[in-house]
Amino acid sequence: MLLALLALSVVAAVLAVPMLGGLWSRSEDLRTERKRSRRRERFELHDPGRERRAEQRARELLRSCVNEEEWAMYRDLGFIRVEGRLGQPDPGTGDAAYAYLVYPHKPIVAYVPKTRRLLSEYCVEFPDLTRAISQSRLPDSDDMLAKWMALTGDEEHLIRNANMHLPGRQVDPGRVRRDLWRLAEWERQQRGSGSFEAHQT
Amino acid sequence: MKPGFGEVLLAEGDPQVREDEERLIEEFRRQLDDGMWAAVPTIAPGDGRREAQMVRDFTEIPTDAERVIFFPRAAGG
């Protein structure tokens, strides 16, 4: 009986060797792949050329989608104003009752154009779901375009899914007021020059 | 749009050509299954106003659309 058990354990050990070998090589493979992936990640994160090229492509894409005024606004001021469409427009002027300032990688700020009163901040991101661990994010101009498309394409849905906060939570209200003043000045100058083409890059 | 990379061409073809159309539909579905949103930049015929049209099905893409842009689904930040 003891001899039979001994024989069985020897057979089991012999059979297990290739399996353990397989496990070992699989874990080796996994380790190698992880190392390679980390190296790739490091390379990707530290390639400023790739980021510059991505941003350049993103700027061209944004430019091809928005109108001339919006493009010039982004180029000169670093943000785009998008009029809100959910409320009733001003009966006197026909202007939108509220508008948004869209910044790259910052919350969208809603305000009343007539009074420049800040209404709220909408925190929204476009996370990379396929590479959740990665730190990579959309280039600035792609983030702008994503917000612009989501706002002009389905404002209600975007706003409903964003985290709404009172003004000042992430974006300094002083900065937004300065930006609104800069925007007013910029528009005055644009009206004076009569064209957005005058400042083509 | 791909985080870290920017614009990447996924597929191109003429939707009037059957083989191209099948390929485009397949890529469209794959992107939406991966959790992306799809939008078509449009120009309003009257006032030339530019905006985007969100599309959730291949049949919703305007016939004269030159491109469909896929971008990550928005989430509260």
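Let's start where two chains join edge to edge: strand 4 (residues 117–125) of chain A and strand 4 (residues 75–76) of chain B pair in the antiparallel sense over two bridges. Strands pair if DSSP finds at least two bridges between them; strands (E, at least two residues) and helices (H or I, at least four) are DSSP runs, numbered from the N terminus. In this pairing, A:V124 sits opposite B:G76.

This is a predicted model, where local features need pLDDT of at least 70 and side-chain atom pairs count only at pLDDT 80 or more, while totals for chains, interfaces and linings use all residues. Residues are numbered from 1 along each chain as its sequence is written, with chains lettered from A and ligands numbered from 1 in the order written.

Now for the whole contact between the chains. Chain A puts in 33 residues and chain B 22, counting residues as in contact if their C-beta atoms, placed from the backbone, lie within 7 Å. On chain A's side, helix 2, strand 4 and helix 4 each give at least two residues, and helix 4 has the largest share, with nine.

Those two helices of chain A also meet each other. The axes of helix 2 (residues 48–65) and helix 4 (residues 140–161) come within 7 Å and cross at roughly 30°, the axes being lines fitted to C-alpha atoms over the stretch in contact, with angles from 0 to 180 degrees between N-to-C directions. That makes the two helices roughly parallel, a label for angles under 35 degrees. Helix 2 residues in this contact include A:L61 and A:L62, and among those of helix 4 are A:M144 and A:L145.

Conventions:
Angles under 35 degrees count as roughly parallel, over 145 as roughly antiparallel, 65 to 115 as roughly perpendicular and the rest as oblique.
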